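Student: I am new to this structure. Can we go through it step by step?

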Amino acid sequence: MVRVFVIVGLLCICSAVAAESGEQEINCEQYFDLGKKIMEGRQAGVPMPDMIKIAGDSAFFRAMVITAYERGRYSTEKYQNRAVSDFANEIYMVCLKSAGG
């Protein structure tokens, strides 16, 4: 539950940054896709330092990586796919809620 609040907080920050840059809408599908890619990397065994390097200075992306790596890594494809789907859907839901939709 704490992870959800962290993600909500970061989404709010990102939406404020997007608003300042002139972007009118948060595209929750992009967050869904990003969450999916991060968890796919996690389930494939990509080392966390490699993912953090990719994140660079983005606090939001780093928080998503950390959240993904706090979750388990599974050995069967069925459970890996479920973990990817669950993580991406959670990110999408939090985005929708934070965007008021």
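Student: What area does the protein expose, and what share of it do carbon and sulfur atoms supply?

Tutor: Keep in mind that this is a predicted model. The protein exposes about 6,300 Å². Carbon and sulfur atoms supply part of that area, and their share is 55%.

Student: How many helices and strands are there?

Tutor: Read the elements from the N terminus on: they run α-α-α-α-α. No strand appears in that order. The count is zero strands and five helices.

Student: What share of the residues is buried?

Tutor: The protein has 101 residues. Buried means under 20% relative accessible area. The buried share is 33%.

Student: Which residues does the disulfide join?

Tutor: The structure holds one disulfide. Its S to S distance is 2.1 Å. Both partners are buried. They are Cys-28 and Cys-95.

Student: How many residues apart in sequence are the parts that Cys-28 and Cys-95 tie together?

Tutor: Cys-28 lies in helix α2, residues 28-44. Cys-95 lies in helix α5, so the pair ties together parts of the chain that are distant in numbering by 67 residues.

Student: Is the link of Cys-28 and Cys-95 left-handed or right-handed?

Tutor: Look at the angle about the S-S bond. It is -80 degrees, and the link is left-handed.

Student: Is Glu-90 buried or exposed?

Tutor: Glu-90 lies in helix α5, residues 77-98. Its relative accessibility is 16%. The cut-off is under 20%, so Glu-90 counts as buried.

Student: Which side chain does the side chain of Glu-90 make a polar contact with?

Tutor: The contact spans 2.6 Å. The partner is the side chain of Arg-71.

Technical notes:
Residues are numbered from 1 along each chain as its sequence is written. This is a predicted model: local features need pLDDT of at least 70, side-chain atom pairs count only at pLDDT 80 or more; totals for chains, interfaces and linings use all residues. Side-chain values use heavy atoms; hydrogens and water are left out. Helices (H or I, at least four residues) and strands (E, at least two) are DSSP runs, numbered from the N terminus. Buried means under 20% relative accessible area, exposed over 50%, partly exposed in between (1.4 Å probe, protein chains only). A polar contact is a pair of N or O atoms within 3.5 Å; within protein, one must be able to donate a hydrogen and the other to accept it, and residues adjacent in sequence count only if both atoms are side-chain atoms. Accessible areas come from the Shrake-Rupley method with a 1.4 Å probe; for residues, only the protein chains shown count as cover. A disulfide is a pair of cysteine sulfur atoms within 2.5 Å.
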